[in-house]
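Please look through the structure shown here, beginning with its interior and moving outward to its surface.

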Amino acid sequence: MKYTTEIIVELPRDEFIKKLDDPENMKHWQRGLVGYEQLSKNPGQEGAQMALSYTMGNRKMDMVETIIKRNLPEEMHTTYDTKGVHNIQKNYFKEEDGKTRWVSESEFHFSGFGMKLMGFLMPGAFKKQSKKYMEDFKAFAENGTSVKDL
């Protein structure tokens with residue numbers, strides 16, 4: 001399953017990247033994030049891995065993020081792996097009149113019958129979640145609004 005989402009954030013790209021690239025800020029725009037742990041000696045660099053833990057309703061989900069390409073401020077590509085799901089995220093950042101256009105290309109590969117069925121039956125849920133993270137980042141970056149306060 002593949003889709004693209006995008007959003008305009010009313011911040012210059014260098015400020016946008018500074019906020020996006022700081023893992024301490026994730027708790028302010030990633031709903032359900034319980035914690036993270038750097039797994040590599042070179043955090044933030046290509047090949048670096050980070051463990052992420054989320055709680056969504058009664059479900060707990062752990063995943064590993066791997067940075068596969070880091071060419072900031074233009075782009076950053078990562079993978080996310082959790083049970084039954086491999087997600088490739090290609091993120092592009094374009095400066096436009098003092099604002100930043102964030103284009104995110106998402107590609108999901110499912111293994112196991114349950115995850116394949118969910119991907120087939122509910123592709124909109126994945127796109128909606130991706131868009132929500134972008135909207136929550138926009139609110140945090142522009143106004144300091146944290147999902148922890150909602």
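The largest nonpolar core, meaning buried Ala, Val, Leu, Ile, Met, Phe, Trp, Tyr and Cys residues joined through side-chain atoms within 4.5 Å, has 23 residues, and F16, W29, L52 and W102 have the most contacts inside it. Two or more residues come from each of β1 (2-9), α1 (13-20), α2 (26-29), β3 (49-56), β4 (59-71), β5 and α4 (123-143), and α4 gives the most, with five residues. A second, separate core of five residues includes Y3, F108, F110 and F126.

This is a predicted model, in which local features need pLDDT of at least 70 and side-chain atom pairs count only at pLDDT 80 or more, while totals for chains, interfaces and linings use all residues. Residues are numbered from 1 along each chain as its sequence is written, and side-chain values use heavy atoms, with hydrogens and water left out.

L52 touches, among residues more than four places away in sequence, M26, L33, G35, Y36, M61, D62, M63, E65 and Y80, where contact means heavy atoms within 4.5 Å.

E75 lies in strand β5 (residues 75-82), and it counts as buried because its relative accessibility is 11%, under the 20% limit. Its side chain makes a polar contact with the side chain of H77 (3.1 Å), and, not counting residues up to four places away in sequence, E75 touches K69, R70, N91, Y92 and F93.

On the surface, F113, L117, F120, L121 and M122 form a nonpolar patch with about 600 Å² of accessible area together. L117, in helix α3 (residues 113-121), is partly exposed, with a relative accessible area of 37%.

Terms used: Patch = residues over 30% accessible without salt bridge, like charges linked within 9 Å, V, L, I, M, F, W, Y side chains within 5 Å. Areas by Shrake-Rupley, 256 points an atom, 1.4 Å probe, with all protein chains shown as cover. Salt bridge = Lys/Arg side-chain N within 4 Å of Asp/Glu carboxyl O. Helix = DSSP H or I, 4+ residues; strand = E, 2+ residues; numbered from the N terminus. Buried < 20%, exposed > 50% of the residue type's maximum accessible area, 1.4 Å probe, protein only. Polar contact = N/O pair within 3.5 Å; in protein donor to acceptor, adjacent residues only side chain to side chain.
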